[in-house]
Every structure is written in C-alpha cells, then in structure tokens.
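Here is a short report on one protein chain. Keep the sequence and the 3D view side by side as you read.

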Amino acid sequence: MANGFPLTSRLAPAAPGGGPGSVLVDLSHEITAGATAYPGLPQPELTDHVTREESRAAYAPGTEFHIGRLCLVGQTGTYLDVPFHRYADGFDLTRLDLAQVAGRSAVVIDTEERSITPAAFAGRPLRGRAVLIRTNWSRFWGMAEYGSGEHPHLSAEAARYLAAEAPAVVGIDSLNIDGTHTGERPAHSELLGAGIPVVEHLTNLSQLPSEGARFTAVPVKVAGLGTFPVRAYAAWNRWT
C-alpha cells in the first residue's frame, strides 16, 4: 500500500460479464528500457520528463505526479503490422478496422516446423478468424537464441495459402513471421498485401485452447506508421 492505495492494479472481471469460468490471458511481452526492440533496432528509452519531486512545486502540498517519456521504434515488444509497413500505398494504423483485431474468434495452430507449410492449417477454420501460430519459440525471449535467425516462420507457400483463406489477423510467437536468412519477406508481402494485419512476438500461447478464445491486439492510433506495440490478450469461458 502507498498512502492507502494498492500498489497493483485492481482485479476486474476477466471478460465482459466476468463471472466464474472467465479466463483472460496476456499475450504480450513487457517493454523495458534498454531491451525488447527487434534485434538491430534502437532499444526503447524510458526516462522521467517530470519527476514527482519536480511536480510538487506546481500543486498543493501532498499532491504530486509523474510524467514519463518513452522513445521507441514501432518494432518493440509485441507489435502489430498493417499494410503501410510493407507498402507505401497501404493503410496505416489510423485506418485499421478495429473489427479485425478486437474480440476476434481465434484458432490456434500448433506446429514444430521451422518453415511452416500449408499442411499446418489444413482442415482448420481460418476465414475471418484470428489465426495464432503456436511454435513455443517465445520460451527463448531475452536469450540469444531468440534472435538467432533459426525461428519458426511461414514458408512462401503457407503465406499464399493463408492470404487466400482471408483470416482477420495472423499472429505468431516467434521473432518474425518470415524467415530472415534471405532478404525476401513473402509472409509480410502476401498477408499485408491482402490487408491482413500481422502480430509478432506473442507469448503465453501455450495457455490458450485450440479454439474458443477471442483475441484482441489493438495498437495506438498513430498517423503515418505501419507498426506499433500492442497489448494483446485472449479471453474465453472454460465452461462453454
């Protein structure tokens, strides 16, 4: 407790309506200063803009505030790509239809393939869904292996297959939805070219059922950007 207030956020119902059986799982990595941006890009800088001590001069005795300053690139933590990331004439974050990324019925695809083939998706309901690719690569987050380039990714054939199936959004729990051993990026090209947002660096997918959850990953509404961090999560009721 601090001045009679809790130091952690208040518990709330896990989903609209809440109640017994409701489950809510955070699928996002924490963003911390000096770490968590995509390898090779500038790491986030989190500093004080106004400290609590500095703020006291502007307010009544006993009243203080903190104002922080965060400098980061869009590819930090768990983030979402929209077509402008890949295509100059693609839509940016301000034109993202929230219906694509908020409360979408999810289907979780399990695979141990490094170059994921269309067979991984065969027979699964994909159209209009949030397709979440569970590779368990997120277990290496913060380790050198995570960014080694050996991560699971979509093959070009799987990227074309997914784009044709028209999911609402596609996410993966690894470094990149594309392989990074060449300069080609077929998954970004196919999916973003079809207007399908991509979420990378998901985590905790191991806690999700294969179907039945609803997925949300909403970025800040910034003009002229094609990528931004999200607070991704899944919600469902284990009794239904």
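## Terms and ground rules

Two residues are in contact when they have heavy atoms within 4.5 Å. Helices (H or I, at least four residues) and strands (E, at least two) are DSSP runs, numbered from the N terminus.

This is a predicted model, where local features need pLDDT of at least 70, side-chain atom pairs count only at pLDDT 80 or more, and totals for chains, interfaces and linings use all residues. Residues are numbered from 1 along each chain as its sequence is written, and side-chain values use heavy atoms, with hydrogens and water left out.

## Overall build

The protein chain has three helices and 13 strands. Its C-alpha atoms fill a box of roughly 65 × 45 × 35 Å along the principal axes. The radius of gyration is 19 Å, which agrees with the value near 18 Å for a compact globule of 240 residues. That radius is taken over C-alpha atoms, and the globule rule is 2.2 Å times the number of residues to the power 0.38.

Now look at contacts with a separation of 6 or more. Residues 24 or more positions apart account for 72% of them. Buried residues make up 43% of the 240 residues. Buried means under 20% relative accessible area, exposed means over 50%, and partly exposed lies in between (1.4 Å probe, protein chains only).

## Surface and charge

The protein chain exposes about 12600 Å². Carbon and sulfur atoms supply 53% of that area. Areas come from the Shrake-Rupley method with a 1.4 Å probe; for residues, only the protein chains shown count as cover.

There are 19 positive and 24 negative side chains. The centres of the two sets lie 7 Å apart. Lys and Arg count as positive, Asp and Glu as negative; His and the chain ends are not counted. Each charge is placed at NZ of Lys, CZ of Arg, CG of Asp or CD of Glu.

## Confidence

The predictor's confidence in each residue is its pLDDT, from 0 to 100. The mean is 93, and 92% of residues reach 70 or more. Residues 11–17 fall below 50. Beyond near neighbours in sequence, this stretch has six contacts in the model. Where pLDDT is low, predicted coordinates should not be read in detail.

## Helix α3 and its cover

Helix α3 spans residues 186–193. Its buried residues are Ala187, His188, Ser189, Leu191 and Leu192. What covers them? The cover includes two strands earlier in the numbering, β4 (79–81) and β8 (153–154). It also includes α2 (156–165), β9 (169–172) and β10 (198–200). After α3 comes Gly195, with a positive phi near 80°.

## Ile133 in strand β7

Ile133 sits in strand β7, residues 130–134. Is Ile133 buried or exposed? Its relative accessible area is 0%, so Ile133 is buried. Leaving aside neighbours within four places in sequence, Ile133 is in contact with ten residues named here in full: Ile109, Thr111, Ile116, Phe121, Leu154, Val170, Gly171, Ile172, Asp173 and Leu205. Asp173 is 40 residues away along the chain, yet the two C-alpha atoms are separated by 6.7 Å.

## Loops after β10 and β12

The loop between β10 and β11 (211–216) holds Thr203. His201 has its place there too. His201 is buried, with a relative accessible area of 3%. Its phi is positive, about 65°, although His201 is not a glycine. Thr203 has 11% relative accessibility, so Thr203 counts as buried. Beyond neighbours within four places in sequence, Thr203 is in contact with Asp26, Leu27, Ser28, His29 and Ser138.

Val230 lies in the loop between β12 (227–229) and β13 (233–237). Its relative accessible area is 9%, so Val230 is buried. Not counting residues up to four places away in sequence, Val230 touches several residues, including Ser28, Tyr79, Val199 and Pro219. Val230 and Thr240 are 10 residues apart in sequence, but 28 Å apart in space, C-alpha to C-alpha.

## The loop between β1 and β2

Leu41 is in the loop between β1 (22–26) and β2 (45–50). Thr36 is in the loop between β1 and β2 as well. Which of these is buried? Thr36 is, at 15% relative accessibility. Leu41, at 34%, counts as partly exposed.

Thr36 has a positive phi near 85°, in a residue other than glycine. Leu41 touches Val73 and Gln75, not counting residues up to four places away in sequence. Leu41 and Leu72 are 31 residues apart in sequence and 9.4 Å apart in space, C-alpha to C-alpha.
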